[in-house]
Amino acid sequence: VGNTFVPVPASGSTLSFSAQIGTLTLFSRQISLVAPAIQAKLEGCTASMCPVTQGTSAVVSISAPALDTVSTAIVTTSINGVETPGSQSVMLAPCAGGTECGTATLTVPMTVGATWQVFATVGNFQVFTLPATVSM
């Protein structure tokens, strides 16, 4: 009797469990692992472009499956691939289709020409918005 920690494979994999005492197999189970469908989107962005203007406000919308244990998202940003200091906590509230949603208003950095990206972490999962090029 005891606890054993096992490495968990990536989403889309199958994890197999079995229990044995001597030569007797007590049970065997397989679990398919699927990452939750979390999304982060900057308002005004499309699949092909994401216009943001230096110093203005940008709203990021976050949605995640409704979970009993997680009700917040942590929002961070990066400029040219380098994480910027600070984070913002976003409360997630029930919305349509068994999901929880929240928004955060961020200030677009003053770095014209830079690539700006927003990251949202819900539980142990992190997603990101499309990269945006900062303009004047």
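# Close-up views of a predicted model

**View 1. The hairpin of strand 11 and strand 12.** Strand 11 (residues 115–122) and strand 12 (residues 125–128) run antiparallel and are joined by 4 bridges. This view, like the others, is taken from a predicted model. One of the pairings can be followed at A120, whose bridge partner in strand 12 is V127. The two strands form a hairpin with 2 residues between them, and G123, which sits in the turn, has a positive phi of about 65 degrees.

**View 2. The open sheet that contains strand 3 and strand 5.** Here 4 strands form an open sheet in the order 3-5-10-9, with antiparallel pairing. Strand 3 (39–42) and strand 9 (93–95) are the edge strands, each of them pairing on one side only, and from one strand to the next the twist averages 35 degrees. Strands of a sheet pair through backbone hydrogen bonds, in either a parallel or an antiparallel manner. Between strand 3 and strand 5 (residues 57–65), which run antiparallel, there are 4 bridges, and A40 has I62 of strand 5 as its bridge partner.

**View 3. V59 and its surroundings in strand 5.** V59 belongs to strand 5, and because its relative accessibility is 25%, which falls between the limits of 20% and 50%, this residue counts as partly exposed. When neighbours within four places in sequence are left aside, V59 is in contact with K41, L42 and E43, and also with T103, A104 and T105. For orientation along the chain, T84 is 25 residues away from V59, and the C-alpha atoms of the two are separated by 17 Å.

**View 4. T76 in strand 6 and the positive phi of N80.** T76 is located in strand 6 (residues 72–79), where a relative accessibility of 12% makes this residue count as buried, since buried means under 20%. Apart from its neighbours within four places in sequence, T76 contacts E83, G86 and S87, as well as Q117, V118, F119 and Q126. The loop between strand 6 and strand 7 (82–83) holds N80, a residue other than glycine whose phi is nevertheless positive, near 50 degrees. Most residues other than glycine have a negative phi.

**View 5. Q88 in strand 8.** Q88 is placed in strand 8 (residues 88–91) and, with a relative accessibility of 29%, counts as partly exposed. Not counting residues up to four places away in sequence, Q88 touches A73, I74 and V75, together with A104, T105 and L106. V134 lies 46 residues from Q88 along the chain, and the C-alpha atoms of these two residues are 20 Å apart.

**View 6. A nonpolar patch on the surface.** The side chains to look for are those of F17, I21, L24, L26, F27 and I31, residues that form a nonpolar patch on the surface with about 560 Å² of accessible area together. Strand 1 (14–21) and strand 2 (24–32) are the elements that give two or more residues to this patch, and the largest share, 4 residues, comes from strand 2. One of the patch residues, L24, lies in strand 2 and counts as exposed because its relative accessibility is 51%, the limit for exposed being over 50%.

Notes
Residues are numbered from 1 along each chain as its sequence is written. This is a predicted model: local features need pLDDT of at least 70, side-chain atom pairs count only at pLDDT 80 or more; totals for chains, interfaces and linings use all residues. Side-chain values use heavy atoms; hydrogens and water are left out. Patches are made of residues with over 30% relative accessible area and no salt bridge: like charges are joined within 9 Å, nonpolar side chains (Val, Leu, Ile, Met, Phe, Trp, Tyr) within 5 Å. Accessible areas come from the Shrake-Rupley method with a 1.4 Å probe; for residues, only the protein chains shown count as cover. A salt bridge is a side-chain nitrogen of Lys or Arg within 4 Å of a carboxyl oxygen of Asp or Glu. Buried means under 20% relative accessible area, exposed over 50%, partly exposed in between (1.4 Å probe, protein chains only). Contact means heavy atoms within 4.5 Å. Two strands pair if DSSP finds at least two bridges between them. Axes are lines fitted to C-alpha atoms, for helices over the stretch in contact, and angles run from 0 to 180 degrees between N-to-C directions.
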